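Ready to find your way around a structure you haven't met before? Grab the viewer and try these exercises, each with a worked solution below it.

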Amino acid sequence: MSSSTVKEIDYFHADPETVRKACRAGHIVNHTAGMATGYIQANLVMLPASLAADFHEFCQKNPRPCPLVGMSAPGQYTVPELGQDLDLRTDVPRYHVWKDGKMVDEVTDIRHYWQDDLVTFALGCSFSFENVMTACKVPLRHIQTGRTVPVYRTNIECTPVGPFAGPVVVSMRPFTSANIIRSVQISNEIPLAHGAPIHVGFPHEIGIADVMKPDYGEATDIMANELPVFWACGVTPQAVLAASKAEFAITHAPGAMLVTDIPIKNYDEILKKYSGDILS
């Protein structure tokens, strides 16, 4: 069958299991932005069980960058509360492998790195509220241009716990004034996806020297009538792993998320509430 006769999958409206199976089969190898609207996407952190209690407390004390949506038992790679027919070792497009605080490998399958004592933490992702914004006609330039959202380390410090300490990491999206209001309203409704922004405007106030040079992801143009808006980001644990020099860990690659079966709470009501004009 020729490629022209193959029906392209509409991943925006796809169910989470379809997206996970596509990742597992190697059909999705980049970012998961704009996929499975209405469901929570998750950042992943996999750590030896000896570090799990401290990292769990770290998430509790830093809920904006690390909103905990699920946690496995040691060695467990199927977590029914996160999704049916789910394998944490294969169902993310790309993974980063860390040793002594340094990223040493990027792979699409971590089965050969898997250890029986690994505990997986699933942390909510801003891609979840992005899908709601898209459905409410709030434009997202990085999606429109096919880029990965720009992400930056800041001068804001996380609350440290045990060996875990480091900077809060933020993602940025540029908006006009009206769309800033909408983006705040929508994201504030979804605390499992980091909630409302933590900063609007001058990047240098949070330690970002050049907004066109992100630490992760790809730069996004900011137009003359727009301001940059910054959300706490689930890449924060990767900056913390680097700062803390954790002996071994596995994470998702930035932008390459686990799409869970967890629905966004009140999704239909949020769409109805914020689909109109600001003054309508």
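**Exercise 1.** Decide whether V119 is buried or exposed in this predicted model.

*Solution.* Start with the cut-off: a residue is buried when its relative accessible area is under 20%. V119 comes in at 3% relative accessibility, so V119 counts as buried. Next, place the residue on the chain: V119 belongs to strand β5, which covers residues 118-124.

**Exercise 2.** Find out which residues V119 is in contact with, skipping its neighbours within four places in sequence.

*Solution.* Begin with one group of partners, which includes V45, M46, L47, A49 and A52. Then add the others: M71, S72, A73 and P74 are in contact with V119 as well. Now try a distance in the viewer. Y77 is 42 residues from V119 along the chain, and their C-alpha atoms are separated by 8.7 Å.

**Exercise 3.** Work out which strands are joined to β10 by bridges, taking β1 and then β3.

*Solution.* First, locate β10 at residues 248-252; five of its five residues are buried, so you'll find the strand mostly covered. Second, look at β1 (residues 39-48), which runs antiparallel to β10 and is joined to it by two bridges. Here V45 stands opposite T251, and V45 is also among the contacts of V119. Third, turn to β3 (residues 95-99): five bridges join β3 to β10, again antiparallel. In that pairing, W98 has A249 as its bridge partner.

**Exercise 4.** Trace the order of the open sheet of four strands and name its edge strands.

*Solution.* Walk across the sheet and you get β6-β7-β9-β8, with antiparallel pairing. The edges are β6 (151-157) and β8 (199-200), each of which pairs on one side only. Now zoom in on β6: its antiparallel pairing with β7 (residues 167-175) runs over four bridges. One residue pair to look up is E157 with its bridge partner P167 in β7.

**Exercise 5.** Say which helix packs on that sheet, and why it is largely enclosed by the rest of the structure.

*Solution.* The helix is α6 (residues 236-244), which touches β6 and β7. Compare directions next: that of α6 makes about 150 degrees with that of β7. Then check burial: seven of the nine residues of α6 are buried, so the helix is largely enclosed. The buried ones are T236, P237, Q238, A239, V240, L241 and S244. Finally, step past the end of α6 and you meet K245, whose phi is positive, near 55 degrees.

Notes: Residues numbered from 1 in each chain as written. Predicted model: local features only at pLDDT ≥ 70, side-chain atom pairs only at ≥ 80, totals over all residues. Heavy atoms only, no water. Pairing = 2+ DSSP bridges. Contact = heavy atoms within 4.5 Å. Axes fitted to C-alpha atoms, helices over the stretch in contact; angles between N-to-C directions. Buried < 20%, exposed > 50% of the residue type's maximum accessible area, 1.4 Å probe, protein only.
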